[in-house]
Amino acid sequence: MPEDKIIILGLVTSKTGALECNDELKQRIEEASQYISLDQLCLSPQCGFSSTVYSNELTVDDELAKLKLVVDTVLDVWP
């Protein structure tokens, strides 16, 4: 893969309020880095928090917790 390509890993679900485990996210990023350079990987929620006309069953606090999880995981993996 050319070095200027970025792969975004949508590992944090925007469908439910259940919070993913930081260590599991880091493990999945590590697994992906076996195929693509870590410098070419990013972490993101899988899609927007309102991906249907009726929205998803998440509160604002759920969304903020998920975004904080993404930031915390990114800072652990890419300090």
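Q: Let's start with Gly48. How does this residue count by its relative accessibility?

A: Accessibility is read against two cut-offs: under 20% is buried and over 50% is exposed, with partly exposed in between. Gly48 has 43% relative accessibility, so it counts as partly exposed. Please keep in mind that you are looking at a predicted model.

Q: Thanks! Where does Gly48 lie, and which residues does Gly48 touch beyond its sequence neighbours?

A: Begin with the element, then look for partners further along the chain. Gly48 sits in the loop between β2 (41–45) and α2. Once residues up to four places away are set aside, Gly48 touches Ser14 and Asn56. You can also compare sequence and space: Gly48 and Glu63 are 15 residues apart in sequence, and their C-alpha atoms are 10.0 Å apart.

Q: Let me step back to the whole chain. How many helices and strands are there, and what pattern do they follow along the sequence?

A: It helps to list the elements in order before looking at how they pack. The protein has two helices and two strands, and reading along the sequence gives β-α-β-α.

Q: How do β1 and β2 run, and how many bridges join them?

A: For a strand pair, check the direction and then the bridges. β1 and β2 run parallel, with five bridges joining them. One pairing to find on your screen is Val12 with its bridge partner in β2, Pro45.

Q: Which residues of β2 make up its covered face, and which the uncovered one?

A: Follow the side chains along the strand and sort them by face. In β2, Leu41, Leu43 and Pro45 form the covered face, while Cys42 and Ser44 form the uncovered one.

Q: Which residues form the largest nonpolar core?

A: To read a core, look for buried nonpolar residues joined through their side chains. The largest one here has twelve residues, including Leu9, Leu11, Val12, Leu25, Ile29, Leu43, Leu69 and Val70. The elements giving two or more residues to this core are β1, α1, β2 and α2. Val12 is a good member to follow: leaving out residues up to four places away, its contacts include Leu25 and Val70, as well as Glu20 and Lys66.

Q: You mention Glu20 and Lys66. How far apart are the closest N and O atoms of this salt bridge?

A: For a salt bridge, ask about the distance, then the place in the chain, then the exposure. The closest N and O atoms of Glu20 and Lys66 are 3.0 Å apart. This pair links distant parts of the chain, 46 residues apart: Glu20 is in the loop between β1 (7–12) and α1 (22–32), and Lys66 is in helix α2 (residues 60–77). Lys66 counts as buried because its relative accessibility is 0%.

Q: How many salt bridges does the count come to, and which residues are linked in a network?

A: The count comes to four. Asp23, Lys26 and Asp76 are linked in a network of salt bridges. Within it, the side chains of Lys26 and Asp23 meet with an N to O distance of 3.6 Å. Both residues lie in helix α1, three residues apart, or about one turn of the helix. Their exposure can be read with the same cut-offs: Lys26 is partly exposed at 27%, and Asp23 is exposed at 51%.

Q: And in helix α2, how far apart are Asp72 and Lys68?

A: They are four residues apart, about one turn of the helix. Asp72 forms a salt bridge with Lys68, and their closest N and O atoms are 2.7 Å apart. With 31% relative accessibility, Asp72 counts as partly exposed.

Q: Staying in helix α2, is Thr73 buried or exposed?

A: Thr73 lies in helix α2 and counts as buried, because its relative accessibility is 0%. Beyond its neighbours within four places, Thr73 is in contact with Asn22, Leu25, Lys26, Ile29 and Leu43.

Q: Which residues form a nonpolar patch on the surface?

A: Here you look for nonpolar side chains that remain accessible. Val60, Leu64 and Leu67 form such a patch, with about 270 Å² of accessible area together. Leu64 is found in helix α2.

Q: To finish, what share of the residues counts as buried, and how much area does the protein expose?

A: Of the 79 residues, 29% count as buried. The protein exposes about 5400 Å², with 55% of it supplied by carbon and sulfur atoms. Contacts add a last view: among those with a separation of 6 or more, residues 24 or more positions apart account for 76%.

Terms used:
Residues are numbered from 1 along each chain as its sequence is written. This is a predicted model: local features need pLDDT of at least 70, side-chain atom pairs count only at pLDDT 80 or more; totals for chains, interfaces and linings use all residues. Side-chain values use heavy atoms; hydrogens and water are left out. Buried means under 20% relative accessible area, exposed over 50%, partly exposed in between (1.4 Å probe, protein chains only). Contact means heavy atoms within 4.5 Å. Accessible areas come from the Shrake-Rupley method with a 1.4 Å probe; for residues, only the protein chains shown count as cover. Patches are made of residues with over 30% relative accessible area and no salt bridge: like charges are joined within 9 Å, nonpolar side chains (Val, Leu, Ile, Met, Phe, Trp, Tyr) within 5 Å. A nonpolar core is a set of buried Ala, Val, Leu, Ile, Met, Phe, Trp, Tyr and Cys residues joined through side-chain atoms within 4.5 Å. Two strands pair if DSSP finds at least two bridges between them.
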